[in-house]
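Please load the model and keep the sequence panel open beside the viewer. The tour proceeds by selections, each followed by a description of what is found there.

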Amino acid sequence: MVRHMEMAIEKIIGIVTDVVKHSDRHNVVTLFTRHQGQVSLLSSAGAGKTGRMRNASLMPLSVISADINFNPTRELQFLGKFSREILWKDLYFNPIKSAIGIFLSEFLNTYLRHSAPDAALWDYIATAIKRLDTGKRGVANFHIAFLIEFLSFAGIRPDLSEWRGDSWFDMRGGTMSLMPPGHRDTLAPQEAAALPLLARMNLRTAPLFRFTSQQRRELLNVLLRYYSLHFPGLSALKSPAVLAEVFG
């Protein structure tokens, strides 16, 4: 007598962070879901108009919902029919927003790879993408402000309580020091002087900050260096080069 393995149907809502080709017929779609954390699903690559529409609905940072038949015998669950939960209006058509979206999706896909489900983090990311989509001013600073706010969710927000004008910043410990730490992962006092100001930067105040293209690149490099010290997988992102081309 054959026993049928029961399949559990679960409703998911997720943010697309990556899509890669799996075969001629299928792609693997990675989502950060609100209740299940990061999941990878097998999705039909499709052909013709239907395939193009499906692929367009799975662009990076798309928000979708679906009922998934979780089969314990499958290594990859299958993404069948799904719906768009939110329709972004400007994200994919504005070149600056599109470049920032590519960066955010790569950053999140890498960071979230081993993360636990976190509904509060999911809500923050969804709200942030909406702000990017609808933003009119200061969009060029968005990714800097996002990374600064995200430090709290990552649990590595620097402790600046001991900051002084002549203090060094220990990037490994995330603390200030009156003496140079005994390693190279530091910011010298002249570089660390801007930390208290930058700590006040968030997605709401980002348009108030004025940076040159070079300053923005340097800030991004410092932030990614700091993140990569605590999350090594973030040291090999490719999308910052795209941002450099867009911002000049």
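A residue counts as buried when its relative accessible area is under 20%, as exposed when that area is over 50%, and as partly exposed in between. Please bear in mind throughout that this is a predicted model.

**Stop 1: a salt bridge with a buried lysine**

Select Asp90 and Lys97. Their side chains meet in a salt bridge, with an N to O distance of 2.8 Å. Is Lys97 buried or exposed? Its relative accessibility is 1%, and Lys97 therefore counts as buried. Asp90, with a relative accessible area of 25%, is partly exposed.

**Stop 2: the whole chain**

Zoom out to the full model. The C-alpha trace spans about 75 × 45 × 30 Å along its principal axes. The secondary structure comprises eight helices and nine strands. Of the 248 residues, 44% count as buried. Among contacts with a separation of 6 or more, 62% are accounted for by residues 24 or more positions apart.

**Stop 3: the six-stranded sheet**

Display the strands β1 to β6 as a cartoon. They form an open sheet of six strands with mixed pairing, in the order β5-β3-β2-β1-β4-β6. Which strands stand at the edges? They are β5 (77–79) and β6 (82–86); each has a single partner strand, so one side of each is left without a neighbour in the sheet. With direction ignored, neighbouring strands of this sheet are turned by 50 degrees against each other on average.

Next, select residues 8–21 and 63–70, which are strands β1 and β4. These two strands pair in the antiparallel sense over eight bridges. To inspect one position of the sheet, pick Ile12, whose bridge partner in β4 is Ala66.

**Stop 4: helix α3 and its link to a loop**

Add helix α3 to the view of the sheet. This helix lies across β1, β2 and β4, and runs at about 50 degrees to β1. Now show the side chains of Asp123 and Arg34, which meet in a salt bridge at 2.7 Å, N to O. The pair links distant parts of the chain, 89 residues apart: Asp123 belongs to helix α3 (residues 119–134), and Arg34 to the loop between β2 (26–33) and β3 (37–44). Asp123 has a relative accessibility of 30% and counts as partly exposed. Arg34 is partly exposed as well, its relative accessible area being 24%.

**Stop 5: a salt-bridge network**

Select Asp185 and Arg225. Their side chains form a salt bridge with an N to O distance of 3.6 Å. This pair also joins distant parts of the chain: Asp185 sits in the loop between β8 (175–177) and β9 (186–187), whereas Arg225 is in helix α7 (residues 213–230), 40 residues apart. Asp185 is buried, at a relative accessible area of 14%, while Arg225 is partly exposed, at 32%. Add Arg172 to the selection: salt bridges that share partners join Arg172, Asp185 and Arg225 into one network. The count of salt bridges in the model comes to six.

**Stop 6: the surroundings of Ile156**

Keep Arg172 visible and select Ile156. The C-alpha atoms of these two residues are 9.8 Å apart in space, and the residues are 16 apart in sequence. Ile156 lies in the loop between α4 (142–154) and β7 (168–170). With a relative accessible area of 10%, Ile156 is buried. Residues up to four places away in sequence are not counted in its contacts, which are Leu151, Tyr226, Tyr227, His230 and Phe231.

**Stop 7: the α7 and α8 contact**

Select α7 together with helix α8 (residues 239–247). The axes of the two helices come within 10 Å and cross at roughly 170 degrees. An angle over 145 degrees counts as roughly antiparallel, and α7 is therefore roughly antiparallel to α8. Show the side chains of Ser213, Arg217, Leu220 and Leu224 in α7, which meet Pro240, Leu243, Ala244 and Phe247 in α8. The residues of this contact divide into six nonpolar, one polar and one charged.

**Stop 8: an exposed residue in a helix**

Finally, select Gln190 in helix α5 (residues 189–192). Its relative accessible area is 64%, and Gln190 is therefore exposed. Add Asp166 to complete the view: Gln190 and Asp166 are 24 residues apart in sequence and 7.7 Å apart in space, C-alpha to C-alpha.

Conventions:
Residues are numbered from 1 along each chain as its sequence is written. This is a predicted model: local features need pLDDT of at least 70, side-chain atom pairs count only at pLDDT 80 or more; totals for chains, interfaces and linings use all residues. Side-chain values use heavy atoms; hydrogens and water are left out. A salt bridge is a side-chain nitrogen of Lys or Arg within 4 Å of a carboxyl oxygen of Asp or Glu. Helices (H or I, at least four residues) and strands (E, at least two) are DSSP runs, numbered from the N terminus. Buried means under 20% relative accessible area, exposed over 50%, partly exposed in between (1.4 Å probe, protein chains only). Axes are lines fitted to C-alpha atoms, for helices over the stretch in contact, and angles run from 0 to 180 degrees between N-to-C directions. Angles under 35 degrees count as roughly parallel, over 145 as roughly antiparallel, 65 to 115 as roughly perpendicular and the rest as oblique. Contact means heavy atoms within 4.5 Å. Ala, Val, Leu, Ile, Met, Phe, Trp, Tyr, Cys and Pro count as nonpolar, Asp, Glu, Lys and Arg as charged, and the others, Gly among them, as polar. Two strands pair if DSSP finds at least two bridges between them.
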